[in-house]
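Open the model in your viewer and keep the selection panel at hand. Each stop below gives something to select and then says what is there.

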Amino acid sequence: MAINVDKVYKVVLYILNKEQRGFLTPVQFNGLARQAQLDLFEKSFYDYNRAVIKGDRIGFSSEYGDIAANIQEKIDIFAEQATLTFSSGVASEPNDLYRTVLLVTNGDTEVEQVKKTELAYLNSNKLTAPSTSYPVYYAEGDNIKIFPTSITSAVIDYIKKPVDPIWAFTGGGSSAYVYSSGSSVDFELHPSEEVMLVTKILAYAGVIVNDPTVIQTAQAKEVDTFTKENT
């Protein structure tokens, strides 16, 4: 499940060139495509939270009308699982980690996330001190620290960062750019995001080609979408 990077680039070029608004090189497109994908990726979490709150207030629709479930489907594309190996209670986070969902050890024991400042309080009481049946962890930098430190491994469920899209090519300079499908990387977003993806790239492209009309049109589309989602 992905959005073809070549298709998106062609649509963006078509819209820009239709009104003779300028040309977007593959290098420029790749930079804007990365930012647009990140924008929509992070927006999904905000939209999901808003949909859950709205559902709690007015009730959830069923089947295809369940907005929160539909947004969760977009996020679940990035769900990953990995095994962490701890040394003296410290393990490196997965390189592509964006947000931890769950940490489990001993097969089915959930590890509770705590703040580093809470650890001293927990250790001050035998009833709350971390144990193999009640383990805790906190993130520090690029590491995960688990307690008790005797634990040597745990399984982490997490949401990964999206891989940067790339429209790879040969040629350039005095010759035409030729798309290289084997070296290209598609967008990892849900197919339903394609229209907003094109819109966001166009908004950024308007700055590069110095055309305020492109920016205003793209922004108007985003505002219209936001209004529809909140009425």
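The tour of this predicted model goes from a surface patch to its aromatic pairs.

Start with Val11, Tyr14 and Ile15. These residues make up a nonpolar surface patch, and their accessible area together is about 260 Å². Val11 belongs to helix 1, which covers residues 5-18. Its relative accessible area is 31%, so Val11 counts as partly exposed.

Next, show the rings of Phe, Tyr and Trp. The model has 10 aromatic pairs when ring centres within 6.5 Å are counted. Select Phe41 and Phe45 from this set. Their ring centres are 5.4 Å apart and the planes meet at 85 degrees, so this pair is edge-to-face. Both residues are in helix 2 (residues 26-58); because they are 4 residues apart there, about one helical turn separates them. Phe41 and Phe45 are both buried.

Keep Phe41 and add Phe78. This is also an aromatic pair with edge-to-face geometry, at 4.8 Å from centre to centre and with 70 degrees between the planes. Here distant parts of the chain are linked: Phe41 lies in helix 2, while Phe78 lies in the loop between helix 3 (67-76) and strand 1 (79-85), 37 residues apart. Phe78 is buried, as is Phe41.

Return to Phe45 and add Arg99. What sits over the ring of Phe45? The charged end of Arg99 does, 4.3 Å from the ring centre.

For the last stop, select Tyr9, Phe29, Trp167, Phe169, Tyr177 and Tyr179. Ring pairs join these residues into a cluster.

Key
Residues are numbered from 1 along each chain as its sequence is written. This is a predicted model: local features need pLDDT of at least 70, side-chain atom pairs count only at pLDDT 80 or more; totals for chains, interfaces and linings use all residues. Side-chain values use heavy atoms; hydrogens and water are left out. Patches are made of residues with over 30% relative accessible area and no salt bridge: like charges are joined within 9 Å, nonpolar side chains (Val, Leu, Ile, Met, Phe, Trp, Tyr) within 5 Å. Accessible areas come from the Shrake-Rupley method with a 1.4 Å probe; for residues, only the protein chains shown count as cover. A salt bridge is a side-chain nitrogen of Lys or Arg within 4 Å of a carboxyl oxygen of Asp or Glu. Helices (H or I, at least four residues) and strands (E, at least two) are DSSP runs, numbered from the N terminus. Buried means under 20% relative accessible area, exposed over 50%, partly exposed in between (1.4 Å probe, protein chains only). Rings of Phe, Tyr and Trp (its six-membered ring) pair if their centres lie within 6.5 Å; planes under 30 degrees apart count as stacked, over 60 as edge-to-face and the rest as tilted. A charge sits over a ring if NZ of Lys or CZ of Arg is within 6 Å of the ring centre and within 35 degrees of the ring normal.
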